[in-house]
Amino acid sequence: DPYSPATQLRLKTEVADLGQTMATFGLAAEGTPAEALTLEVEISRGDEAFLIDPLVANLGDLDAEVSARIGDTLAMTDITAQFEVSGSNLPKLAQLEDDLLADEPFRVTGRLAFSGEDTIEVQDLEVAYGPAEARAGLRLPLSDPLAGGEMRIEAESANLTALVPAAAEYLAEGSAFSIVGGGRWQGTNLWLEDTVIRVGESSLDLKGELHAPPEIAGTELTLRASLPSLKILELVAGQTLPDEPLTLQADLRAEADTLRLTTFDLAIGPSDLSGTAAFRPAQNAEEIPELTAELSSRLLDLRPLQAALATEPDTEPAKPADGRVIPDEPLPLDQLRQVNGDVQLTVERAELENANLLDVLLKASLSDGALLVERFELAGEAGGKLGGALRLIPSADGAEFGFEMDGSNLIVGLPAANEEAREKLPRYEVSTRLAASGATARELASTSR
């Protein structure tokens, strides 16, 4: 009788090569280590339960010990377990790329329990890896972990670069790391406790709740970020970034059926951008989402962006199959019908590789596919000014296009060695009016007048 108090079972298994043994039985799996496996387990009867105390396993450098209680009902809610896993080399065990993580010992302990037939709880989870320590708790549905859950974590390391050698290229030697926070998620909704991440001199603070459209009610999120250099983001961006500091403050909240960015202040090096924005998602298939934004900047240094774009491989646009210069491609009228919006951008000074622009203004709107650049303005350091407007209005035959531009005191395409030479260059007045219609770029060119 297995339910007898005298029930006791001991089992010991030894395998010389786990990978080869599994392959012999047709169970080979990629990544199975070619290591010796030793497994010992002792099962006995307790108070209305079977006790596994302990299960001890060794696989190469990995050691594991588990104690569990399985109630007589065999229900998930009647199962609890404690575990400890340790090893001398985490990168080798996880088969990670060379130099991604340091060869440091690790240890993981915790308790498992089940609340309901489909929910697992990881309690009192503690992780030690070299000089790093972490404590966490986790609650997840077994059938679909992404559908909902809760997590709380505290972690710190006095020297992140000692654990992640690849980070030494972007962080100062001995940079500390810490994270404190947590939250819960349900479907497309997220609730964040005060979550603070610190990496060296970098920091990220998040708190609030976020609800995905169209059910945005309750959204209220605060974000604060500071980086001493964008270089640290190359680890995740996968491309070269300028060595410039970044600060960001943003506050997002829902008012009725509209998401409002009430605070947005971004600074990258000497450049800045701030303002407000609002987004009203479509409530059904017939509605069109609406976006409004009003942004301003004292200085936009676009030279790092120009340099980054210049390093990308050149890709020549496809030439028309008929050999003509202007392609016969349809105008993007359908894309313009995907959103309605109003945007205004003002920039006091924009710095480019070959010129600096002053008093830049762009005011544009998009409604039911009609694009209106109501006004654009800019000035040069030599006193020239340029301004105008543009429209692209859908029609039965495609679209009606209009463009107007006026310029004064302009120096056009003439180089000058210094300011004195510049003052001697001729100045021009420019006035242009253009109208066209058609469904493709070629048709607009052929009907322009």
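Let's start with a pair of side chains: Arg280 and Glu287 make a salt bridge, and their closest N and O atoms sit 3.3 Å apart. Glu287 is partly exposed, at a relative accessible area of 29%. Keep in mind that what you're looking at is a predicted model. A search through the whole structure turns up 25 salt bridges, and a few of them are picked out below, along with strand pairing, surface patches and some backbone oddities.

**Salt bridges**

- Asp124 and Arg111 bring their side chains together in a salt bridge, 3.0 Å from N to O. Asp124 belongs to strand E7 (residues 119-129) and Arg111 to strand E6 (residues 106-114), so this pair ties together parts that are 13 residues apart in sequence.
- How exposed is Arg111? Its relative accessibility is 33%, so Arg111 counts as partly exposed.
- There's also a network: Asp301, Arg303, Arg349, Glu351 and Glu381 are joined into one by salt bridges that share partners.
- Glu14 pairs up with Lys12 in another salt bridge, with 3.5 Å between the closest N and O atoms. Are these two residues buried or exposed? Both Glu14 and Lys12 are exposed.

**Strands around E19**

- Strand E19 (residues 340-351) runs parallel to strand E17 (residues 290-297), and 8 bridges join the two. One contact to look for is Ser297, whose bridge partner in E19 is Val347.
- Strand E18 (residues 300-301) also runs parallel to E19, joined to it by 2 bridges. Here Asp301 has Glu351 as its bridge partner in E19. You've met both names already, as Asp301 and Glu351 are among the residues of the salt-bridge network.
- Which way do E19 and strand E20 (residues 356-367) run relative to each other, parallel or antiparallel? They run antiparallel, with 10 bridges between them.
- The link from E19 to E20 is a hairpin of 4 residues. Glu351 turns up again here, with Asn356 as its bridge partner in E20.

**Surface patches**

- Asp328, Glu329, Asp397, Glu400 and Glu443 form a negative patch on the surface.
- To find one of its members, go to the loop between helix H5 (303-311) and helix H6 (333-336), where Glu329 is found. Glu329 has a relative accessible area of 52%, so it counts as exposed.
- A nonpolar surface patch of about 290 Å² is made by Leu233, Leu235 and Val236.
- Where does Leu233 sit? Look in the loop between strand E13 (220-227) and helix H4 (234-237). Leu233 is partly exposed, with 33% relative accessible area. Patches take in residues with over 30% relative accessible area, so Leu233 passes that cut-off.

**Backbone oddities**

- A bit of background first: most residues other than glycine have a negative phi, and most peptide bonds are trans. The next few spots go the other way.
- Asp53 and Pro54 are joined by a cis peptide bond, with omega at about -5°. Pro54 is part of strand E3 (residues 49-59).
- Another cis bond runs from Pro213 to Pro214, and its omega is near 5°. Pro214 has its place in the loop between strand E12 (202-211) and E13.
- Asp359 isn't a glycine, yet its phi is positive, near 50°. You'll find Asp359 in strand E20. Is Asp359 buried or exposed? Its relative accessible area is 53%, so Asp359 is exposed.
- Asp368 also has a positive phi, about 50°, although it is not a glycine. Asp368 has its place in the loop between E20 and strand E21 (370-380). At 51% relative accessible area, Asp368 is exposed.

Key: Residues are numbered from 1 along each chain as its sequence is written. This is a predicted model: local features need pLDDT of at least 70, side-chain atom pairs count only at pLDDT 80 or more; totals for chains, interfaces and linings use all residues. Side-chain values use heavy atoms; hydrogens and water are left out. Patches are made of residues with over 30% relative accessible area and no salt bridge: like charges are joined within 9 Å, nonpolar side chains (Val, Leu, Ile, Met, Phe, Trp, Tyr) within 5 Å. Accessible areas come from the Shrake-Rupley method with a 1.4 Å probe; for residues, only the protein chains shown count as cover. A salt bridge is a side-chain nitrogen of Lys or Arg within 4 Å of a carboxyl oxygen of Asp or Glu. Lys and Arg count as positive and Asp and Glu as negative; His and the chain ends are not counted. The place of a charge is taken as NZ of Lys, CZ of Arg, CG of Asp or CD of Glu. Buried means under 20% relative accessible area, exposed over 50%, partly exposed in between (1.4 Å probe, protein chains only). Two strands pair if DSSP finds at least two bridges between them.
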